[in-house]
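User: Please take a close look at one part of this model, the nonpolar patch on its surface. Set it in the context of the whole chain.

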Amino acid sequence: MVWLKKIDVDRIKVNLTNLETQREQTINAVIQLENQLKYSMGMPVATTITLPADEFSKVETLPAMADSINVEGRTEIRLLNIQNELLGLQRKAYVSEYYPQLSLTGNISRTGLSDKFDLLSRHGLATYYNSSAIGLTLNIPIFNGFATRSRIRQADVDIKKNNEDIRQTKNTLNLAYENAKIQLKNNINTIKSQRQNVLLAQEIYNSTQNNYNNGLAALTDLLDTENALTSAQNSYTQALLNYKIAEIQLIKSNGNIKSLLK
């Protein structure tokens, strides 16, 4: 039988209070994250949701990763390409202002004359005349104060800016993909190290607990090893979480974020 001193009991109480506080904070944090998830999904916060069981323990190897990605199919690039086409059409419209314009006009009319208000009467004495006209209008631009030239130059600037946006966006997408790959590799190594660290901390805790039960170790040593085990477990869990976040970033950089909805 292990006899506890008052100071040992006080240490246990302090440790228990700290654990209960951490547990309460963790529960509240989970609730807040669930509410944030509902908000992001456009779901009423009061709606009850059931999160699926995690698969963190199955993280063993890296997923298949290509050396590069095709960004041409990404929505960002497609929108910029369409914008480029529209800017090109706008420039052509400005250039066309230099061209002569020939237009055909036509007119047919019927005019009625009367000294009484019987123009609309079927039995009135109004006299009606038919008339028609056809004509051609030729408009030759000569000088408009360089307005057309200025619009064309501005269109050229807009096209160059859009091309630069396309180049920068492609670089950003490729950078995100490369960073996600590096982050995954780092995280998988961290997971392996933290997993071994947890096993070692568990072994030390079991050994210390056995020594404590046999009166060979102080309570302080037992509490210290218990705290070390908890810290190692938290670090391992955080490493798993970081891996999953990096995995989502990799899927996002591939443009396959919708695959998570399946």
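Analyst: The protein chain exposes about 19,900 Å². Carbon and sulfur atoms supply 56% of that area. The model is predicted. Of the 262 residues of the protein chain, 18% count as buried. Among contacts with a separation of 6 or more, 72% join residues 24 or more positions apart.

The secondary structure comes to four helices and two strands. From the N terminus on, the order is α-α-β-β-α-α.

Now the patch. Its area is about 1,100 Å². The residues that make this nonpolar surface patch are Leu102, Leu104, Ile134, Leu136, Leu138, Ile140, Ile142, Phe143 and Phe146. Strand E1 (101–113) and strand E2 are the elements that give two or more residues to the patch. E2 gives the most, with three residues.

Leucine 136 is one of the patch residues, and it lies in strand E2. With a relative accessible area of 64%, leucine 136 is exposed, because the cut-off for exposed is over 50%.

Two phenylalanines also belong to the patch, Phe143 and Phe146. Phenylalanine 143 has a relative accessible area of 61%, so it counts as exposed. Phenylalanine 146 reaches 43% relative accessibility and is therefore partly exposed.

How do the rings sit? A pair of aromatic rings is described by the distance of the centres and the angle of the planes. The count comes to one aromatic pair. The partners are phenylalanine 143 and phenylalanine 146, with ring centres 5.1 Å apart and planes at 90°, so the pair is edge-to-face. The cut-off behind that label is an angle over 60 degrees.

Phenylalanine 146 deserves a second look for its backbone. This residue lies in the loop between strand E2 (127–139) and helix H3 (147–213). Most residues other than glycine have a negative phi. Phenylalanine 146 is not a glycine, yet its phi is positive, about 65°.

A positive phi also turns up at a glycine. Glycine 255, just after H4, takes a phi of about 80°. Helix H4 itself covers residues 219–253, 35 residues in total. At 1.5 Å a residue, H4 should span 51 Å, and its end C-alpha atoms are 51 Å apart, so the two values agree.

Back to the patch, in brief. Strand E2 contributes three residues. Leucine 136 in that strand is exposed. Phenylalanine 143 and phenylalanine 146 form an edge-to-face pair, and phenylalanine 146 sits in the loop between E2 and H3.

How values were computed:
Residues are numbered from 1 along each chain as its sequence is written. This is a predicted model: local features need pLDDT of at least 70, side-chain atom pairs count only at pLDDT 80 or more; totals for chains, interfaces and linings use all residues. Side-chain values use heavy atoms; hydrogens and water are left out. The expected span of a helix is 1.5 Å times one less than its number of residues. Rings of Phe, Tyr and Trp (its six-membered ring) pair if their centres lie within 6.5 Å; planes under 30 degrees apart count as stacked, over 60 as edge-to-face and the rest as tilted. Buried means under 20% relative accessible area, exposed over 50%, partly exposed in between (1.4 Å probe, protein chains only). Contact means heavy atoms within 4.5 Å. Accessible areas come from the Shrake-Rupley method with a 1.4 Å probe; for residues, only the protein chains shown count as cover. Patches are made of residues with over 30% relative accessible area and no salt bridge: like charges are joined within 9 Å, nonpolar side chains (Val, Leu, Ile, Met, Phe, Trp, Tyr) within 5 Å. A salt bridge is a side-chain nitrogen of Lys or Arg within 4 Å of a carboxyl oxygen of Asp or Glu.
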